[in-house]
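Visitor: I would like a close look at a single part of this protein, taken slowly enough for a first-year student to follow.

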Amino acid sequence: MSANIEPPKADPNVKVKYTKIFINNEFVDSVSGKKFATVNPCTEKTNAEVSEGNKADVDKAVVAAKKAFARGSEWRKLDASARATLIYRLADLIEQNINELANLESLDNGMPFPMSYHSVGTAAKHLRYYAGWADKIQGSTIPVDGNSFALTRKEPVGVVGLIVPWNGPIGLYGMKLAPALAAGCTAVIKPAEQTPLTALLLASLVKEAGFPPGVVNVVPGYGATAGAAISAHPDIAKVSFTGSSEVGHAILKAAGESNLKRVTLELGGKSPFVVFDDADLDLAVQTAGSVFVHAGQICIAPSRVFVQAGIYDEFVKKAVAVAAATKVGDPYTPGCIQGPQIESRAVDKVMGLIESGKKQGAKLQIGGERHGSVGYFIKPTVFSDVSDDMQIAKEEIFGPVQSILKFNTFEEVVERANATTYGLAAGVFTKNIELALEFAKAVEAGSVWVNQYSLLTSQQPFGGFKQSGLGRELGKEGLDAYLEIKTISIKTPTNN
């Protein structure tokens with residue numbers, strides 16, 4: 001982040017400037033003329049009425065993106081270094097508008113303002129990281145048999161569809177768009193219907209940065225219409241989606257039934273967080289309390305906490321204290337780390353799972369009920385005496401609910417940690433580095449953190465095992481997902 005970046009300034013009265021679909025560097029009404037409301041989850045009041053994109057609008061956006069990607073276009077003729085310059089400029093503009101973006105993010109999805117501010121900075125970091133890759137995408141020469149000279153060339157896949165979730169719109173926008181632009185692709189972005197506002201403000205910055213028309217297009221709308229149209233579109237070469245496993249299955253099916261487009265999926269998780277007897281107990285307890293951050297609406301949230309028997313009771317006692325001290329409320333309130341759930345349906349789901357925990361015999365230590373009378377708030381909740389067969393131990397809750405399970409041996413906890421359809425992330429706390437490494441090797445998860453949790457940086461690949469997804473985002477692996485490899489063989493007079 002730049003040294004001269006504006007410091008955080010919370011403003012719950014931030015103005016909504018853009019509510020229309022963004023195609024070909026212009027803001028336009030939807031073809032149908034329909035609009036939908038985006039709601040503030042803290043107040044349950046409408047933030048704005050946004051143009052509702054559907055298949056017809058996706059078709060228009062794809063036409064624009066396809067034209068921008070065509071041979072001889074302004075975008076395709078740019079040197080790779082010039083492409084990098086545009087991406088760097090977009091990162092600069094994001095940082096110059098960091099407070100407006102962060103405040104709009106908090107208004108739209110209830111994310112605590114410091115977290116929104118950090119997320120905007122992270123998006124800029126992703127853009128800078130991949131801007132550095134733009135002129136370093138290289139093929140290779142191959143010593144083939146016979147009188148031939150062979151080489152590989154890496155080329156952009158073409159038009160890509162980027163479907164961004166509601167829980168971290170700006171950060172995921174940057175994570176997906178940055179490698180696509182670095183590779184030379186053009187994009188159609190669909191923000192979640194719950195949180196379209198920052199995606200549209202970012203679109204205005206894309207234009208201001210100087211990207212040619214059609215390179216980036218943003219179509220807000222519902223998953224069942226706009227999202228489905230992207231997934232099935234014959235002229236979209238790749239889709240990157242972050243969201244639920246259920247929708248991930250639907251996208252993969254649509255990709256297979258249409259043009260066999262490439263698919264990157266970052267889906268749900270039920271991440272094990274394992275604490276051995278020798279761990280720094282206070283550090284482990286505080287870190288496990290991150291399940292309450294952003295109301296638990298984080299795919300890698302440590303929602304299954306396995307604690308070794310020797311420290312189990314003390315861990316539970318301290319975990320309850322952490323939950324009790326967690327500040328819940330308006331995202332602009334200083335010290336608040338837990339805002340609201342995104343919508344009323346989410347509240348119903350979380351409360352239903354809390355009730356299932358009670359009925360199935362888990363011990364409710366704290367919380368377990370709504371917080372306040374306005375907004376979609378739930379009190380930080382801790383369950384102890386949780387067993388593997390309970391719903392709260394198996395299903396992704398996506399809420400501020402911590403389930404604490406007891407284990408005795410290393411082999412036992414590895415087997416139980418892996419007894420899930422998910423495999424997104426895992427954490428282990430121990431002072432024994434050999435034990436930590438053995439756990440890291442044995443656990444079935446795409447990211448494993450030792451004596452820390454949720455460290456995600458631009459340089460590290462991120463993605464899941466099993467039904468937590470396909471492919472990787474971030475790092476060099478994230479760039480590779482937007483490239484095709486072409487092999488070229490040239491006949492030569494000799495082979496020496």
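Visitor: Which elements are included in what covers the buried residues of α12?

Guide: The model shown here is a predicted one, and within it the cover over the buried residues of α12 includes β15 (381–384), α13 (391–394) and β16 (401–407). To see what is being covered, begin with the helix itself. Helix α12 takes in residues 344–359, and because each of its 16 residues should add 1.5 Å, the expected span is 22 Å, which agrees with the 23 Å that separates its end C-alpha atoms. The buried residues in this helix are A346, V347, V350, M351, L353, I354, S356 and G357. It helps to read that list with the helical repeat in mind: an α-helix has 3.6 residues a turn, so residues three or four places apart point the same way. Just after α12 comes G361, which takes a positive phi of about 105 degrees.

One of the covering elements, β15, also helps to place a charged pair. The side chains of K379 and E369 meet in a salt bridge, with 2.7 Å from N to O. Both residues lie in the loop between β14 (363–366) and β15, so the pair ties together parts that are ten residues apart in sequence. As for how far they are open to the surroundings, K379 counts as partly exposed because its relative accessibility is 29%, and E369 is likewise partly exposed, with a relative accessible area of 40%.

This bridge belongs to a count of 24 salt bridges in the model, and another of them makes a useful companion to it. The side chains of D92 and R128 meet at 2.6 Å, again from N to O. That pair links distant parts of the chain, since D92 is in helix α3 and R128 is in helix α5 (residues 113–133), 36 residues apart. Here too both partners are partly exposed, D92 because its relative accessibility is 33% and R128 because its value is 22%. The two do not stand alone, for D92, E95 and R128 are linked in a network of salt bridges. The general idea behind such pairs is that side chains of opposite charge can pair when their charged atoms come close.

To return to the part you asked about, then, the picture of α12 is of a helix whose buried residues, V350 and L353 among them, have a cover that includes β15, α13 and β16.

Notes: Residues numbered from 1 in each chain as written. Predicted model: local features only at pLDDT ≥ 70, side-chain atom pairs only at ≥ 80, totals over all residues. Heavy atoms only, no water. Helix = DSSP H or I, 4+ residues; strand = E, 2+ residues; numbered from the N terminus. Expected span 1.5 Å × (residues − 1). Buried < 20%, exposed > 50% of the residue type's maximum accessible area, 1.4 Å probe, protein only. Contact = heavy atoms within 4.5 Å. Salt bridge = Lys/Arg side-chain N within 4 Å of Asp/Glu carboxyl O.
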